[in-house]
Amino acid sequence: MLFFSYFKDLVGREVTVELKNDLAIRGTLHSVDQYLNIKLENTRVVDQDKFPHMLSVRNCFIRGSVVRYVQLPPDGVDIELLHDATRREARGG
Amino acid sequence: MLGGPGLESVVDQFISVITNDGRNIVGVLKGFDQATNIILDESHERVYSTKEGVQQLVLGLYIIRGDNIGVIGELDEELDASLNLSELRAHPLKPVIH
């Protein structure tokens with residue numbers, strides 16, 4: 001639940017999602033769900049020459065199970081808040 | 001809290017699916033469920049190669065199981081029409097490794 005809430009707070013920010021097949025997609029976080037499936041808007045593939053497979057796609061749904069990394073803007077990360085939330089989850093949540 | 005994928009907005013539109021085995025399948029989304037299983041009509045597979053242009057294999061009406069789906073992209077039909085697929089050279093997508 002922690003990361004679901006965390007991503008909900010990041011809606012509207014630019015993120016880059018790196019998938020388990022090495023594809024990386026940059027876009028605006030539109031929404032996230034309980035499975036951490038991600039919907040991105042205004043998408044651009046990071047290495048368009050190597051991956052022209054999504055040239056005509058501007059909005060996409062990414063299944064949570066294929067995400068390797070979600071790269072966030074540095075000012076989108078409140079480390080202290082995350083630390084506290086993680087400690088709380090570990091304790092009781 | 002919505003249980004399944006929010007794909008209602010793309011029903012009856014052309015979508016591009018990237019599957020876990022690295023295939024790219026394009027078709028009209030007809031339905032989906034909580035597990036992201038999808039029904040794709042008028043579907044064709046786009047096969048990318050470094051030696052020749054994109055090959056399009058007609059598949060017809062397909063059900064793709066959710067476990068095998070990586071990405072569902074909303075195809076911008078104008079952008080897609082402007083693509084010169086016969087000139088496009090690329091390595092096929094890699095399969096997903098968990």
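Val96(B) is found in the segment that follows α1 (77-81) of chain B. The model in which this residue sits is a predicted one. With a relative accessible area of 15%, Val96(B) counts as buried, because buried means under 20% relative accessible area. Along the chain Val96(B) and Asp21(B) are 75 residues apart, yet their C-alpha atoms are separated by 6.3 Å. Which residues does Val96(B) contact once its neighbours within four places in sequence are left aside? They are Lys20(A), Asn21(A) and Val66(A) from chain A, together with Asn20(B).

Chain A can be taken next. It contains two helices and five strands, and from the N terminus on these elements run α-β-β-β-β-β-α. Taken along the principal axes, the C-alpha atoms of chain A fill a box of roughly 45 × 25 × 20 Å. Of the 93 residues in chain A, 45% are buried. When contacts in chain A between residues at least 6 apart in sequence are considered, 45% of them join residues at least 24 apart.

An unreviewed UniProt entry carries the annotation "domain: Sm", which covers residues 2-76 of chain A. Over residues 2-76 the chain is 11% helix and 45% strand, and the C-alpha atoms at the two ends are 16 Å apart.

The interior comes next. The largest nonpolar core has 30 residues, and those touching the most other members are Val17(A), Leu19(A), Ile25(A), Ile38(A), Leu40(A), Ile62(A) and Val71(B). In chain A, at least two residues of this core come from each of α1 (2-9), β1 (14-19), β2 (24-32), β3 (38-45), β4 (57-62) and α2 (79-91), and β5 (69-75) of chain B likewise supplies at least two. The element that gives the most to this core is α1(A), with four residues. A second core, separate from this one, consists of twelve residues and includes Phe61(A), Leu7(B), Val10(B) and Ile38(B).

Ile38(A) shows the surroundings of one core member in detail. Not counting residues up to four places away in sequence, Ile38(A) touches Val17(A), Leu29(A), Ser31(A), Val32(A), Cys60(A), Phe61(A), Ile62(A), Val67(A) and Val70(A).

Within α1(A), the residues Leu2(A), Phe4(A), Tyr6(A) and Phe7(A) are buried. The elements covering the buried residues of α1(A) include β2, β5 (67-71) and α2 of chain A.

The helix α1(A) also takes part in a pocket. The largest pocket has a volume of about 200 Å³. Its lining is made up of Leu2(A), Ser5(A), Tyr6(A), Asp9(A), Leu10(A), Gly76(A), Asp78(A), Leu81(A), Leu82(A) and Ala85(A). Both α1 and α2 of chain A supply at least two residues of this lining, and the largest share, four residues, comes from α1(A). By type, the lining residues of the largest pocket divide into six nonpolar, two polar and two charged.

The second largest pocket has a volume of about 160 Å³. Which chains and strands contribute at least two residues each to its lining? The answer is β3 and β4 of chain A together with β5 of chain B. Of the 15 residues that line the second largest pocket, Lys39(A), Asn59(A), Cys60(A), Ser9(B) and Glu74(B) lie nearest its centre. The lining of this pocket divides into seven nonpolar, five polar and three charged residues.

Terms used: Residues are numbered from 1 along each chain as its sequence is written. Chains are lettered from A and ligands numbered from 1 in the order in which they are written. This is a predicted model: local features need pLDDT of at least 70, side-chain atom pairs count only at pLDDT 80 or more; totals for chains, interfaces and linings use all residues. Side-chain values use heavy atoms; hydrogens and water are left out. A nonpolar core is a set of buried Ala, Val, Leu, Ile, Met, Phe, Trp, Tyr and Cys residues joined through side-chain atoms within 4.5 Å. Buried means under 20% relative accessible area, exposed over 50%, partly exposed in between (1.4 Å probe, protein chains only). Contact means heavy atoms within 4.5 Å. On a 1 Å grid over the protein atoms alone, a cavity is a set of points where a 1.4 Å probe fits but cannot get out, and a pocket is an open set with protein on both sides within 12 Å along at least five of seven lines; lining residues have an atom within 4 Å of a point. Grid points are joined across faces, edges and corners, and a volume is the space filled by probe spheres set on the points. Ala, Val, Leu, Ile, Met, Phe, Trp, Tyr, Cys and Pro count as nonpolar, Asp, Glu, Lys and Arg as charged, and the others, Gly among them, as polar. UniProt positions are given in the numbering used here, feature names are shortened, and annotations may be inferred rather than shown by experiment.
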